[in-house]
Amino acid sequence: MNDCVEGFTLCLTQKPDLIILNKHFPGMGGKGFLIKKSNNNATADIPVFLIGEFNSDEIVKLKQMNVVAFMSSPINPIILAERISLLFNLPPPIFAKKTPMLLDMHVRGNVIIAQIEGNFEEDKLEEYNYLIRAFCNKNEIVSPKVLIIIPSLYKESITKKNVDLLFRFTHYPELEVKEHHIKILTTLSDLLDIIIRHPQYSTYEIVKDFIAGFQSLQIDFDKKKTIPVRFLKQGCIYIFDLYDKEGRKIIPALTPLTEALLDKIKEQNITSLTYYSDFEFEEIEREVEDLILLQDDKQIFSVFSENFEPIKAEVDISKIWDEKLSLFFRKMKGQNVLIVSGNQEVYDVILRSLNMYFNIEKKEKVADLPQIVDDKSYIVIFLDAEHSEDTVIELLRQIRSMVSRRKTSVIILANKLNKSSVIHFRNAGTDNIIVSPFSTNKILHKVFESITLDRRT
């Protein structure tokens, strides 16, 4: 619904089994809706999933209004479905076993190179689009240039729907993606057929090889570089076309520079050649032996990635929630977790991440920690490294003197980390460390990893 007033009216008439609500919403607002819902006998018992950012005090109060899950925006639909299944004790979804979609993305300036293999998978394609959007937003890039390399795919995943997802980034309102700034390198006939047949994609250039696509995106006529002919080396190749002062192409890209060609250039009294890119001359010059690699579509990406940075998202919103994690957290439901920290933000993010599955307790003072651990069984204890390293190590040793790793996993929360700290924590009884920034995704996966590995030791 578009506002809380209309939504509450529908709750009275239809009595849904679950309400999914934004914290900030038109009308009476999410908080007002929950107060009204809690004070009405017909709606008080309806569980709520609340979307937004929350601190621990809010979570405690809102849980009293039958808010059973707190979710960050944008929502991961896979985790949403899992939490609905958990709430209603539904059997876990059946996960298809298939070859995963392999995604590798690198960038230099505003040129993005994406290589995709295996399968087109909806969640991975969402991640790919998100990475492009997040990178452009962070670096204030309005007009990205994208080279998409697709050497192989399973035929059944090549559908119009998946191709639409592949190019979703071109529709983001904040981006101005020009048609000639998208290059596609593939020989897959089924994929090419979809691209060519549909007008919105048919203007994208299908390049014959990596160099053709790479060079056409890298060329920037505002970034002219001049090379004295005396610097050219016989037996080398160049990854960009080299021109004379009149704009004539003298050495085509990937053409071996022979003695005869070099003599011909000198005979024409050409003293320098130019190319147009921010690449330095040393980066575009290669030994002729590299020619085989530079003509191999599967090898060339690794050759050029040394000049590019991998694209990474600060928050991975599309991390796959697989069958193992689903079954694991169902099994863990109701067990106790202890957080030893005086940092309210740390406590808030852990509470938001784990409250659906565990009973969460917080301890700020560490003096009576041994007694607390002795009184109750904890499946996980988080130790915040805001305390001195010596204090954390002493606490860890105290915990280990009372409970083994098979019974209790200890996870260190650290703002920064060095090699000696890792060794000290390991010797004191844990390999499990999360380095800030802390996120729901990191915490869920580290809890899963810690418990499953510790129980094997």
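This is a guided tour of one protein structure, with a suggestion at each stop of what to select and what to look for there.

**The whole chain**

Begin with everything shown, and keep in mind that you are looking at a predicted model. The secondary structure of the protein amounts to 19 helices and 20 strands, and buried residues account for 48% of its 457 residues. If you switch on a surface display, the area that the protein exposes is about 23,300 Å², and carbon and sulfur atoms supply 50% of it. Among contacts between residues at least 6 apart in sequence, 68% join residues that are at least 24 apart.

**Strand β7 and its partners**

Next select residues 182–185, which form strand β7, and colour them so that you can follow both of their faces. On one side you will find I182 and I184, and on the other K183 and L185, and all of these are buried, with the result that both faces of the strand are covered. Now add strand β6, residues 145–153, which runs parallel to β7 and is joined to it by 4 bridges; if you pick out L147, its bridge partner in β7 is K183. Between them in the selection you can include helix α6, residues 160–166, since β6, α6 and β7 together make a right-handed β-α-β unit. Then bring in strand β8, residues 205–206, which is also parallel to β7 and is joined to it by 2 bridges, and look for I184, which stands opposite I206 of β8.

**The sheet from β17 to β20**

Move on to the open sheet of 5 strands, whose order is β17-β16-β18-β19-β20 and whose pairing is parallel. Which strands stand at the edges? They are β17 (359–363) and β20 (432–435), and each has a single partner strand, so one side of each is left without a neighbour in the sheet. If you turn the view to look along the sheet, neighbouring strands are turned against each other by 20 degrees on average, direction ignored. As a reminder for reading such a picture, strands of a sheet pair through backbone hydrogen bonds, either parallel or antiparallel. To see one pairing in detail, select β19, residues 409–414, together with β20, which pair in the parallel sense over 4 bridges, and find I412 where it stands opposite I433 of β20.

Two helices should now be added to this view. Helix α17, residues 389–402, lies across β18 (380–384) and β19, and it runs at about 165 degrees to β18. Helix α19, residues 440–454, lies across β18, β19 and β20, and it runs at about 170 degrees to β20.

**Helix α15**

Select residues 344–354 to bring up helix α15, in which 9 of the 11 residues are buried, so the helix is largely enclosed by the rest of the structure. The buried residues are V346, Y347, D348, V349, I350, L351, R352, S353 and L354. At the start of the helix, show the side chain of N343, one of whose oxygens reaches to within 2.9 Å of the backbone nitrogen of E345.

Within α15, centre the view on V346, which is buried with a relative accessible area of 6%. Leaving aside its neighbours within four places in sequence, V346 is in contact with S341, D384, L413 and F438. If you also select N55, you will find a residue that is 291 places from V346 in sequence, with a C-alpha to C-alpha distance of 9.9 Å in space.

**Three places in the backbone**

The last stops concern backbone angles, and it helps to know beforehand that most residues other than glycine have a negative phi, and that most peptide bonds are trans. Select S436 and P437, where the peptide bond from S436 to P437 is cis, with omega near 10 degrees; P437 belongs to the loop between β20 and α19. Then go to L254, in the loop between β12 (249–251) and α10 (259–267), which has a positive phi of about 65 degrees although it is not a glycine. Is L254 buried or exposed? L254 is buried, with a relative accessible area of 13%. Finish at N269, in the loop between α10 and β13 (272–276), where phi is near 55 degrees, again a positive value in a residue other than glycine. N269 is exposed, with a relative accessible area of 65%.

Methods:
Residues numbered from 1 in each chain as written. Predicted model: local features only at pLDDT ≥ 70, side-chain atom pairs only at ≥ 80, totals over all residues. Heavy atoms only, no water. Buried < 20%, exposed > 50% of the residue type's maximum accessible area, 1.4 Å probe, protein only. Polar contact = N/O pair within 3.5 Å; in protein donor to acceptor, adjacent residues only side chain to side chain. Pairing = 2+ DSSP bridges. Right-handed = clockwise from strand over helix to strand, strands pointing away. Axes fitted to C-alpha atoms, helices over the stretch in contact; angles between N-to-C directions. Contact = heavy atoms within 4.5 Å. Areas by Shrake-Rupley, 256 points an atom, 1.4 Å probe, with all protein chains shown as cover.
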